[in-house]
Amino acid sequence: MSEKGTSLFSPWKMGKFSLSHRVVLAPMTRCRALAGIPGDALVEYYTQRSTPGGFLISEGTLISPTAHGFPHVPGIYSDAQVEAWTKVVKAVHDKGSIIFCQLWHVGRASHQVIVIEALNIYLLNLGITSVYQPGGAAPISSTDKAISNRWRILMPDGTYGTCTAPVALKTSEIQEVVEHYRQAALNAIQAGFDGVEIHGGYGYLIDQFLKDGSNDRIDEYGGSMENRCRFLMQVIQAVVSAVSAERVAFRMSPAIDHNDATDTDPLNLGLSVIERLNKLQLLMGSKLTYLHVQKESGRPGTEDAVAQMTRTWRRAYQGTFICSGGFTRELGIQAVAEGDADLVSYGRVFISNPDLVLRLKLNAPLNEYIRKTFYTHDPVVGYTDYPFLSKANGEHSHTFE
């Protein structure tokens with residue numbers, strides 16, 4: 001595949017942001033923010049993966065105390081968290097990169113049980129009192145049905161458990177959660193982030209409302225496609241009103257059943273969301289920064305169908321389209337060259353290759369990632385200790401003409 005003309009390494013204008021290449025750091029939970037506070041390890045991690053004119057999306061960042069579902073993930077709802085993020089963002093900006101904060105609420109993908117005493121004392125010293133809900137309350141969701149035992153939840157002690165049965169949000173309670181998204185967006189901008197990505201995929205809270213396999217409501221937030229999209233659109237409109245459309249993006253995964261988030265018609269669910277986004281953009285007279293879609297379903301035998309759905313969504317959306325999920329160098333180049341994506345986000349290989357952009361540009365060998373260290377809490381091992389290319393091979397020589 002030729003790299004001349006439009007390629008993975010050519011510039012792109014993403015709303016108000018001028019990018020020098022199309023390789024994006026995907027949002028990835030890494031569990032290194034002890035007590036939910038980004039520290040020096042996060043500063044180093046994101047700085048390592050920054051390039052002049054590059055684009056980074058933060059790991060999922062919790063919008064409220066009820067949003068928890070992983071150990072040691074960062075939040076953006078307290079003053080201490082906002083202040084800590086400013087150091088990360090400044091370091092990224094100093095390297096010339098743009099960074100968005102992914103706003104995250106896990107919904108029913110959580111746990112309510114109070115931890116055992118010895119661990120509880122340790123967590124209390126870190127400011128954490130329960131796993132993972134305040135006071136040991138049940139998680140909130142679109143439904144009161146629990147995620148099946150097919151899916152496991154990572155506990156703070158490193159073991160895996162099953163998700164707790166949630167409580168379905170009352171109709172009157174939904175606007176409070178919308179407000180949490182709005183305030184989290186304001187906090188992210190205060191921390192210096194260039195914008196926010198609203199996480200609406202992977203079976204987390206917004207996805208639980210969108211999909212008919214996890215939304216059994218009988219109020220105005222359930223049943224029809226319009227009703228199931230209502231919560232999402234209220235969140236987007238609230239966030240846009242707070243920080244402007246040019247700083248807001250959305251991520252969705254209609255074809256993925258992660259955390260039991262299934263839908264009987266994923267193609268039309270995606271198209272319905274896109275139709276509403278397009279109409280909102282037309283009404284506002286301004287586009288969202290981008291739409292981010294996961295094309296990798298994780299289920300063998302579905303790859304071609306999901307890829308075709310993703311192409312259909314890409315053709316329907318009127319704006320910058322980011323695609324993620326299992327991309328190699330060659331597939332990324334092909335996706336951009338053939339118009340299947342404007343930008344390509346890389347996850348696992350960006351974990352193990354802090355200089356991934358340079359390696360892809362040079363077609364250099366990639367470090368292999370070590371999956372068992374993805375979610376450990378060590379500030380270095382499996383996090384910031386993956387090697388760069390040697391200077392002889394052009395380390396830190398990031399130019400993308």
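This briefing describes the cores, strands, open spaces and selected buried residues of one structure. The model is predicted. Its largest nonpolar core holds 103 residues, and its largest pocket has a volume of about 1300 Å³. The structure also holds 2 cavities of 30 Å³ or more.

**Nonpolar cores**

- Within the largest nonpolar core, the residues that touch the most other members are Y46, Y181, F231, I236 and F250.
- Helix α6, which spans residues 225-243, makes the greatest contribution to this core, giving 11 residues.
- Beyond residues up to four places away in sequence, Y46 touches nine residues' worth of surroundings that include L25, L56, I57 and S58.
- Other residues touched by Y46 include E59, W85, V88, V92 and I99.
- A second core, separate from the largest, consists of 12 residues, among them M14, F55, F100 and Y290.

**Strand β4 and its partners**

- Strand β4 covers residues 55-62, and 8 of its 8 residues are buried, so the strand is largely enclosed by the rest of the structure.
- Strand β3 (residues 23-25) pairs with β4 in the parallel sense, over 2 bridges.
- In this pairing, L25 stands opposite L56 of β4; both L25 and L56 are also touched by Y46.
- Strand β5 (residues 98-104) runs parallel to β4, and 6 bridges join the two.
- Here F55 stands opposite I98 of β5, and F55 is also one of the members of the second core.

**Strand β12 and its partner**

- Both faces of β12 are covered.
- On one side of β12 L291 and V293 are buried, and on the other side H292 and Q294 are buried.
- Strand β11 (residues 248-252) is joined to β12 by 3 bridges, and the two strands run parallel.
- R251 is the residue that stands opposite H292 in β12.

**The largest pocket**

- The volume of the largest pocket is about 1300 Å³.
- The pocket is lined by 48 residues, of which Y202, H258, R348, R371 and Y375 are the closest to its centre.
- Two or more lining residues come from each of β5, β7 (153-154), α9 (329-337), β14 (343-346) and α10 (348-352).
- Of these elements, α10 supplies the largest share of the lining, with 3 residues.
- By class, the lining of the largest pocket comprises 21 nonpolar, 16 polar and 11 charged residues.
- Strand β5 thus appears in two settings: it is joined to β4, and it gives residues to the lining of this pocket.

**The second largest cavity**

- The second largest cavity contains about 30 Å³ of space.
- Its lining is formed by G200, D207, L210, K211, M252, S253, P254, L269 and V273.
- Helices α5 (205-210) and α7 (266-284) each provide at least two residues of this lining.
- The lining divides into 5 nonpolar, 2 polar and 2 charged residues.

**Selected buried residues**

- N187 is found in helix α4, which spans residues 174-190.
- With a relative accessibility of 9%, N187 counts as buried because the limit for that class is under 20%.
- Apart from residues up to four places away in sequence, N187 touches I76, Y77 and V82.
- T302 lies in the loop between β12 (291-294) and α8 (303-316).
- The relative accessible area of T302 is 18%, and T302 is therefore buried under the 20% cut-off.
- T302 and A337 are separated by 35 residues in sequence and by 24 Å in space, C-alpha to C-alpha.
- G382 is placed in the segment after α11 (356-362).
- G382 is buried, at 4% relative accessibility.
- Neighbours within four places in sequence aside, G382 is in contact with R30, R32, I351 and T373.
- G382 and K372 are 10 residues apart in sequence, and their C-alpha atoms are 8.6 Å apart in space.

Note on methods. Residues are numbered from 1 along each chain as its sequence is written. This is a predicted model: local features need pLDDT of at least 70, side-chain atom pairs count only at pLDDT 80 or more; totals for chains, interfaces and linings use all residues. Side-chain values use heavy atoms; hydrogens and water are left out. A nonpolar core is a set of buried Ala, Val, Leu, Ile, Met, Phe, Trp, Tyr and Cys residues joined through side-chain atoms within 4.5 Å. Buried means under 20% relative accessible area, exposed over 50%, partly exposed in between (1.4 Å probe, protein chains only). Helices (H or I, at least four residues) and strands (E, at least two) are DSSP runs, numbered from the N terminus. Contact means heavy atoms within 4.5 Å. On a 1 Å grid over the protein atoms alone, a cavity is a set of points where a 1.4 Å probe fits but cannot get out, and a pocket is an open set with protein on both sides within 12 Å along at least five of seven lines; lining residues have an atom within 4 Å of a point. Grid points are joined across faces, edges and corners, and a volume is the space filled by probe spheres set on the points. Ala, Val, Leu, Ile, Met, Phe, Trp, Tyr, Cys and Pro count as nonpolar, Asp, Glu, Lys and Arg as charged, and the others, Gly among them, as polar. Two strands pair if DSSP finds at least two bridges between them.
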